[in-house]
Amino acid sequence: MSLWEYANPKKFLRTSEAVQPYLWGTALLCLVVGLIWGFFFTPDDYRQGSTVKIIYLHVPSALMAINAWLMMLVASLIWLIRRHHVSALAARAAAPVGIAMTLIALMTGAIWGQPMWGTWWAWDPRLTSFLILFLFYLGYVALWAAIEDPDTAADLTSVLCIVGSIFAILSRYAVNFWNQGLHQGASLSLDKEENVADVFYFPLLVAIAGFVLLFVALVLYRTGTEIRARRMRALMARERAAAA
């Protein structure tokens with residue numbers, strides 16, 4: 001079996017509809033367990049107090065905001081190289097989900113930053129690159145909506161996605177690039193000494209799994225919607241042409 005078989009819209013729809021119930025159910029279970037475990041069954045941090053628990057929303061949403069754009073980048077490159085329409089529609093479907101994740105990350109970051117830094121916002125390198133990434137998300141969605149021809153829209157949004165990927169990478173690694181930033185280091189790392197304590201670490205992993213599965217389920221659902229909408233537009237165009 002080849003991955004490219006799923007470039008066929010019918011096969012993609014059939015497979016995605018079969019796996020979605022499992023994705024939705026597992027995502028809901030992980031989110032409920034991770035968030036309840038994290039918010040109600042972990043202690044306050046000795047420095048940050050109860051505000052540390054915002055990580056169960058902030059870290060997963062920020063992680064998915066960045067990775068959603070990187071998923072869009074891969075799908076856009078597949079479109080540019082292989083001209084598979086499903087990949088272009090998948091990238092388009094992921095953008096509003098990425099916007100939601102970025103908004104959650106920005107809002108929860110502000111809620112955490114106010115008591116920690118004494119301000120709701122600071123022009124920290126990571127925060128600034130994250131805000132620019134959010135603006136790229138908005139521009140991406142607007143560009144799709146502004147261009148009538150879907151192939152032209154897919155081409156131009158793919159180029160925009162490639163450019164915006166710079167800020168997705170900066171959002172992830174800005175703490176490493178600019179040590180003077182206010183933003184703390186990564187909560188999760190390959191270096192065990194940099195991770196949060198185990199009492200916070202394990203519920204955080206469960207919450208992250210929930211966000212990942214939720215993202216995949218939403219993208220599959222929205223991609224199916226985009227495929228059907230494209231079919232409908234094509235049928236309507238044929239009917240108008242036949243009537244003329």
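Let us start with Arg-92, which in this predicted model forms a salt bridge with Glu-226, the closest N and O atoms being 3.8 Å apart. The two partners come from distant parts of the chain: Arg-92 belongs to helix α3 (residues 85–117) and Glu-226 to helix α6 (residues 198–243), 134 residues apart. As to their surroundings, Arg-92 is partly exposed, with a relative accessible area of 23%, whereas Glu-226 is buried at 11%.

Glu-226 has a further partner. Arg-222 also forms a salt bridge with Glu-226, again with 3.8 Å between the closest N and O atoms. Arg-222 and Glu-226 are 4 residues apart in helix α6, and therefore about one helical turn separates them. Shared partners thus join Arg-92, Arg-222 and Glu-226 into one network. Arg-222 is partly exposed, at 26% relative accessible area.

Helix α6 also takes part in a salt bridge with helix α5. Arg-230 pairs with Asp-151, and here the closest N and O atoms are 3.2 Å apart. Because Arg-230 lies in helix α6 and Asp-151 in helix α5, this pair ties together parts that are 79 residues apart in sequence. Both residues are partly exposed, Arg-230 at 22% and Asp-151 at 26%. The whole structure holds 5 salt bridges.

I turn now to the aromatic residues. There are 5 aromatic pairs in the structure. In one of them, the rings of Trp-69 and Phe-136 have centres 6.2 Å apart and planes at 80°; an angle over 60 degrees counts as edge-to-face, so this pair is edge-to-face. Trp-69 sits in helix α2 (residues 55–82) and Phe-136 in helix α4 (residues 125–146), with their positions 67 residues apart in sequence. Trp-69 is buried, with a relative accessible area of 0%, and Phe-136 is likewise buried, at 16%. Ring pairs extend this into a cluster of Trp-69, Phe-136, Tyr-137 and Tyr-140.

How does the model stand in terms of confidence? The chain averages a pLDDT of 85, and 87% of the residues score at least 70. Among the elements, helix α1 (residues 9–40) has the highest mean pLDDT, 95, and helix α5 (residues 150–177) the lowest, 81. Over residues 189–193, pLDDT stays under 50, and the model has 2 contacts beyond four places in sequence for that stretch.

Finally, the record. An unreviewed UniProt entry lists several transmembrane regions, among them residues 93–115 and 199–221. In the model, residues 93–115 are 100% helix, with end C-alpha atoms 36 Å apart. Residues 199–221 are also 100% helix, and their end C-alpha atoms lie 34 Å apart.

How values were computed. Residues are numbered from 1 along each chain as its sequence is written. This is a predicted model: local features need pLDDT of at least 70, side-chain atom pairs count only at pLDDT 80 or more; totals for chains, interfaces and linings use all residues. Side-chain values use heavy atoms; hydrogens and water are left out. Rings of Phe, Tyr and Trp (its six-membered ring) pair if their centres lie within 6.5 Å; planes under 30 degrees apart count as stacked, over 60 as edge-to-face and the rest as tilted. Helices (H or I, at least four residues) and strands (E, at least two) are DSSP runs, numbered from the N terminus. Buried means under 20% relative accessible area, exposed over 50%, partly exposed in between (1.4 Å probe, protein chains only). pLDDT is the predictor's confidence in each residue, from 0 to 100. Contact means heavy atoms within 4.5 Å. UniProt positions are given in the numbering used here, feature names are shortened, and annotations may be inferred rather than shown by experiment. A salt bridge is a side-chain nitrogen of Lys or Arg within 4 Å of a carboxyl oxygen of Asp or Glu.
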